[in-house]
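Reader: Before we begin, could you take me through the features of a model in turn, giving the general idea and then the case at hand?

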Amino acid sequence: MRSRLLLIATVSAALLAPSVAQAADCPGADLVPDGSNAAQVTDATLCLLNAQRAAAGLAPLTVDSTLSAASDGYAGVMIAGHFFAHESPDGSTLDQRLGKVGYSYEVAGENIAWGEGPLSTPASIVDAWMHSEGHRTNILDGDFRQIGLGILPGVPRAGSVFPGATYVTDFGTRPAQPATRAASRTSTTDAAAAGDPLAHYAVKKHAAKKHHARKHGRKHVRKHRRAAARRHVQRYQTVS
């Protein structure tokens with residue numbers, strides 16, 4: 001029985017034009033999340049993600065309430081703690097968050113994002129993910145069967161004056177038979193651009209991949225640190 005976690009990170013600080021056709025087919029795709037439209041925004045995000053999978057010939061993801069509990073909880077933790085990363089400041093990881101809510105998995109992954117104003121709509125967030133190789137890989141991974149969605153008003157950036165939202169999507173597939181995950185088979189590599197809230201890289205795979213992940217992480221952060229230095233925007237969108 002294999003057990004793997006996929007946490008991929010990139011940064012997008014520019015608005016990417018969403019697919020008009022897909023947005024039109026998913027009511028609520030252009031809503032800025034707030035306290036009154038949570039159900040519409042969640043449904044629109046799932047609709048957009050499954051549209052991408054359908055276009056790739058993949059089965060749709062089904063919402064799992066246990067996964068959604070983990071996603072929703074972590075979105076709130078990032079907003080309250082003013083941080084943006086797959087690993088929280090107290091060291092908790094996706095594997096631990098899923099274990100806490102009782103989700104046993106064969107394979108699991110996570111995409112996170114936050115945006116302000118028009119950059120925080122489901123259409124904009126999903127489009128940004130699809131323009132990022134790592135996030136697109138998670139969305140179009142045929143091994144995933146379930147999804148949890150946590151989308152909350154508010155952003156991790158302290159002092160933000162624009163309306164916005166934080167997104168967490170946790171992907172997973174339950175094992176065919178109950179199994180205990182072997183933590184010793186996995187390892188985590190984190191690399192973040194110091195002082196740069198827009199750069200974060202995290203990956204969790206088998207221990208044999210540790211050296212490659214660490215090397216790739218350093219290259220990834222250097223790339224986005226340079227990119228961040230070349231541009232300045234007043235409204236941000238960050239995906240990880």
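**Reading the model feature by feature**

Author: Let us start with a cysteine: in this predicted model, Cys26 is buried, with a relative accessible area of 1%. Its partner in a disulfide is Cys47, which at 28% relative accessibility counts as partly exposed.

Reader: How far apart are the sulfur atoms of Cys26 and Cys47, and what is the hand of their link?

Author: In general, a disulfide is a covalent bond between the sulfur atoms of two cysteines. Here the sulfur atoms of Cys26 and Cys47 lie 2.0 Å apart, and the link is left-handed, with -70° about the S-S bond. The two cysteines are 21 residues apart and join distant parts of the chain, since Cys26 sits in the loop between helix H1 (20-25) and H2 while Cys47 belongs to helix H2. The count for the model comes to one disulfide.

Reader: Which residues of the largest nonpolar core touch the most other members?

Author: The general idea is that in soluble globular proteins nonpolar side chains tend to be buried together. In this case the largest nonpolar core has 24 residues, and those touching the most other members are Ala29, Trp129, Ile147 and Tyr167. Two or more residues each come from helix H2 (38-55), strand S3 (107-116), helix H5 (122-130), strand S4 (146-153) and strand S5 (164-173). Another core, of ten residues, lies apart from it and includes Ala75, Phe83, Ala85 and Val155.

Reader: Which residues of helix H4 are buried, and where do they fall when seen down its axis?

Author: An α-helix has 3.6 residues a turn, so residues three or four places apart point the same way. In helix H4 (residues 94-101) the buried residues are Leu94, Asp95, Arg97 and Leu98. Seen down the axis of H4, these buried residues fall within an arc of 165°, and therefore they line one face of the helix. Just after H4, Gly102 takes a positive phi of about 85°.

Reader: How many residues of H5 are buried?

Author: For H5 the count is nine of nine, so this helix is largely enclosed by the rest of the structure. Its buried residues include Pro122, Ser124, Asp127 and Trp129, and Trp129 was also named above for its contacts in the largest nonpolar core.

Reader: What share of the chain's 240 residues counts as buried, and how many helices and strands does the chain have?

Author: Of the 240 residues, 52% count as buried, and the chain has seven helices and eight strands. Among contacts between residues at least 6 apart in sequence, 76% join residues at least 24 apart.

Notes:
Residues are numbered from 1 along each chain as its sequence is written. This is a predicted model: local features need pLDDT of at least 70, side-chain atom pairs count only at pLDDT 80 or more; totals for chains, interfaces and linings use all residues. Side-chain values use heavy atoms; hydrogens and water are left out. A nonpolar core is a set of buried Ala, Val, Leu, Ile, Met, Phe, Trp, Tyr and Cys residues joined through side-chain atoms within 4.5 Å. Buried means under 20% relative accessible area, exposed over 50%, partly exposed in between (1.4 Å probe, protein chains only). Helices (H or I, at least four residues) and strands (E, at least two) are DSSP runs, numbered from the N terminus. A disulfide is a pair of cysteine sulfur atoms within 2.5 Å. The arc is that of the directions from the helix axis to the C-beta atoms. Contact means heavy atoms within 4.5 Å.
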